[in-house]
Amino acid sequence: MMADWFSYSLTDFLLFAPETYQRLFVRYNQAVWPAQIVGALGALVVLWLVLRRADSRIAIGMVHALPAIGWLWIGADFLYQRYAVINWAATWPAVGFMVQGVLLLAVAAIAPRPAGHAPPAARIIGLGLMAAALVVMPLAGPLAGRPWGAIETVGVTPDPTAVFTLGLLAGTAGVWRLILLPVPVLWCLFSGATARAMDTGDAWLLPVLAAAGLAAALLPRPAPAGRG
């Protein structure tokens with residue numbers, strides 16, 4: 001029995017053809033246009049606030065509320081309404097994305113000021129991941145041979161949104177980052193395995209970025225000044 005299980009590969013669990021997966025993104029991008037521009041602009045606002053180290057309650061709220069909108073949208077529209085049609089297993093990530101959106105909204109509503117800052121290395125990695133989600137990941141698909149119409153962008157499709165959020169969490173010292181880590185990490189594992197099963201040329205990219213984000217987010221934070 002065990003020998004039979006070890007004879008399977010990831011490809012054996014793939015429920016759709018790679019071409020079907022690409023058409024899903026093409027039709028989705030056509031249906032939601034110009035949401036891609038709105039998502040990118042929202043991500044740029046978040047990146048700008050993080051670069052400025054803005055720590056007002058309004059800024060902290062915006063930094064978490066804007067990604068929350070993307071998580072809720074992707075969970076309800078892309079994953080549940082569209083991806084689950086060709087892959088029933090996407091129903092559970094859809095729920096996870098909506099839970100992540102609610103958690104981000106809760107942090108945005110409370111807008112707690114973190115005690116201290118993330119280590120410089122974590123902040124640099126976080127900013128790098130946010131930039132990669134905005135620029136590198138949308139280009140990765142076409143460079144790997146997928147159609148430009150299937151481009152994946154922050155706030156509209158899952159992979160760059162998960163990496164962008166991991167970058168955001170990597171650059172903060174707030175303990176709530178630990179609560180917000182599991183869903184994007186689990187998604188990256190799920191989507192990375194799917195890309196590996198389809199044998200895409202950029203299948204390595206998402207797991208590498210996710211591993212960097214997870215490692216940076218888990219780096220110990222220095223104790224706030226005044227504490228022993």
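At what angle do the axes of helix 6 and helix 10 cross, and within what distance do they come? The model is predicted. In it, the two axes cross at roughly 160° and come within 9 Å. Helix 6 is therefore roughly antiparallel to helix 10, since angles over 145 degrees count as such. The crossing of this pair is left-handed.

The residues of this contact come next. Helix 6 contributes A122, I125, L129, V136, M137 and A140. Helix 10 answers with L205, L206, L209, A212, G213 and A216. By class, the contact of helix 6 with helix 10 holds eleven nonpolar residues and one polar residue. No charged residue takes part in it.

Helix 10 has another partner to consider. Helix 10 spans residues 205-218, and helix 9 spans residues 182-198. Their axes lie 9 Å apart, at an angle of about 160°. That angle makes helix 9 roughly antiparallel to helix 10. Helix 9 passes helix 10 in a left-handed crossing. On the helix 9 side, the contact is made by V185, C188, S191 and G192. On the helix 10 side, L206, P207, A210 and L214 make the contact. Six residues of the contact between helix 9 and helix 10 are nonpolar and two are polar. None is charged.

A193 also sits in helix 9. Is A193 buried, exposed or partly exposed? Its relative accessibility is 28%, so A193 counts as partly exposed. In sequence, A193 and P207 are 14 residues apart. In space, their C-alpha atoms are 8.9 Å apart.

Now follow helix 9 to helix 4. The axes of helix 4 and helix 9 come within 14 Å and cross at roughly 35°. Helix 4 passes helix 9 in a left-handed crossing. W71, L79 and Y83 of helix 4 make the contact with V183, P184, W187, F190 and T194 of helix 9. The residues of the contact of helix 4 with helix 9 divide into seven nonpolar, one polar and no charged.

Helix 4 leads on to the nonpolar core. The largest nonpolar core has 54 residues. Which of them touch the most other members? They are F78, L79, Y83 and F164. Several helices each supply at least two residues of this core. Among them are helix 2 (18-32), helix 3 (35-51), helix 4 (57-86) and helix 5 (91-110). Helix 6 (120-143), helix 7 (158-170), helix 9 and helix 10 do so too. Helix 4 gives the most to this core, with nine residues. L79 and Y83 therefore appear in two roles: they belong to the core residues that touch the most other members, and they make the contact of helix 4 with helix 9.

F164 deserves a closer look. Which residues is F164 in contact with, leaving aside its neighbours within four places in sequence? The partners of F164 are A43, V46, L47, M130, A133, L134 and V154.

T161 is found in helix 7. Is T161 buried or exposed? At 3% relative accessibility, T161 counts as buried, because buried means under 20%. Leaving aside neighbours within four places in sequence, T161 is in contact with W71, I74, T153, V154, G155 and V156. One of these, W71, also takes part in the contact of helix 4 with helix 9. Another, V154, is a partner of F164 as well.

Methods. Residues numbered from 1 in each chain as written. Predicted model: local features only at pLDDT ≥ 70, side-chain atom pairs only at ≥ 80, totals over all residues. Heavy atoms only, no water. Axes fitted to C-alpha atoms, helices over the stretch in contact; angles between N-to-C directions. Helix = DSSP H or I, 4+ residues; strand = E, 2+ residues; numbered from the N terminus. Parallel < 35°, antiparallel > 145°, perpendicular 65-115°, else oblique. Left-handed = near helix turned anticlockwise from the far one by under 90°. Contact = heavy atoms within 4.5 Å. Nonpolar A, V, L, I, M, F, W, Y, C, P; charged D, E, K, R; others polar. Core = buried A, V, L, I, M, F, W, Y, C linked by side-chain atoms within 4.5 Å. Buried < 20%, exposed > 50% of the residue type's maximum accessible area, 1.4 Å probe, protein only.
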